[in-house]
Amino acid sequence: MRSKILDNHVDILLDHELLEVLLYYALPRRNTNDIAHSLIKSFGTLSNVFNAKPEQLMLIPNVSERTAALIKIFAEMFKRYNQVLRTPKMRVSSTGTLRFYFEQFMTDAPDEELYIAYIDDSMDVFACDRITIGSSARVETKMREIYENILRKNPYKIALSHNHPYTTCAPSRDDISSTVKIKIFLKLLNVELMDHVIFGTDGYCSIGTTVDEIYKVWSSTYNDIVRHTNFKVDIQRHRKIENVKNI
């Protein structure tokens with residue numbers, strides 16, 4: 001089987017054979033064919049195997065913690081590789097084009113994932129970040145990472161998108177609240193939030209207009225943040241760091 005791979009014939013291998021080769025590097029002295037078959041049979045498809053949680057994988061006979069870790073590392077590598085391939089320059093001008101852009105990332109995602117598309121002044125997406133959040137309520141714990149990513153990319157506009165893997169696309173209170181907070185932060189940087197598209201089991205929806213209306217009501221909150229000295233100093237410090245890195 002190794003000769004097939006080295007001779008560039010890897011495309012002829014079946015799903016369980018690909019998995020068998022991968023598992024060999026975690027279990028070099030074992031016949032991994034049976035384990036690969038068990039994984040495919042239990043989870044249905046190769047993609048479901050890679051999307052499974054470690055504790056689910058370890059329920060399969062002879063799948064150790066080390067084996068589960070290897071599978072999850074490769075799953076993350078595949079996601080990042082595909083994300084680079086799927087982030088060509090694309091012009092976005094409406095919710096419809098944003099939906100088309102983000103939809104490619106949402107296939108078979110088992111957890112809630114937030115995507116940030118960075119848009120230049122020609123309305124082209126020039127970069128995109130993926131942040132696994134687990135649930136809408138956990139966005140708060142990821143705010144620092146979100147803010148730092150935006151500062152590093154220095155976009156003209158951004159667009160957000162996330163998924164509800166097991167429920168409808170109807171926005172939750174946490175969805176709207178966290179989006180408003182991001183919009184408030186963007187205001188400080190003179191960056192516009194173009195939209196936030198949510199995908200669910202019943203399709204997708206846009207909450208950009210809703211957020212704009214709530215933002216107007218919450219404008220006093222924005223004024224409070226602007227007056228908050230530590231917050232402003234923190235942003236200026238980030239800007240200085242970025243300037244040093246670019247020298």
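**Helix H9 and the H2–H3 pair**

Visitor: Which residues in H9 are buried?
Guide: In this predicted model, H9 is mostly covered, with twelve of its 17 residues buried. Buried here stands for under 20% relative accessible area. The residues in H9 that fall in this class are Asp 175, Ile 176, Ser 177, Ser 178, Thr 179, Val 180, Ile 182, Lys 183, Ile 184, Phe 185, Leu 186 and Leu 189.

Visitor: How far apart are the end C-alpha atoms of helix H9, residues 173-189?
Guide: Because each residue should add 1.5 Å, the 17 residues of H9 are expected to span 24 Å. The value computed from the model agrees with that expectation, the end C-alpha atoms being apart by 25 Å.

Visitor: Which residue just after H9 takes a positive phi?
Guide: H9 covers residues 173-189. Just after H9, a positive phi of about 60° is taken by Asn 190.

Visitor: Why do H2 and H3 count as oblique to each other?
Guide: The axes of H2 (residues 15-24) and H3 (residues 33-43) come within 8 Å and cross at roughly 125°. Angles of 65 to 115 degrees would count as roughly perpendicular and those over 145 as roughly antiparallel. The crossing of H2 and H3 is in neither class, and the two helices are therefore oblique.

Visitor: Which residues in H3 are met by residues in H2?
Guide: H2 passes H3 in a right-handed crossing. From H2, the residues involved are Asp 15, His 16, Leu 19, Glu 20 and Leu 23. In H3 they meet Asn 33, Ile 35, Ala 36, His 37, Leu 39 and Ile 40.

Key: Residues numbered from 1 in each chain as written. Predicted model: local features only at pLDDT ≥ 70, side-chain atom pairs only at ≥ 80, totals over all residues. Heavy atoms only, no water. Helix = DSSP H or I, 4+ residues; strand = E, 2+ residues; numbered from the N terminus. Expected span 1.5 Å × (residues − 1). Buried < 20%, exposed > 50% of the residue type's maximum accessible area, 1.4 Å probe, protein only. Axes fitted to C-alpha atoms, helices over the stretch in contact; angles between N-to-C directions. Parallel < 35°, antiparallel > 145°, perpendicular 65-115°, else oblique. Left-handed = near helix turned anticlockwise from the far one by under 90°. Contact = heavy atoms within 4.5 Å.
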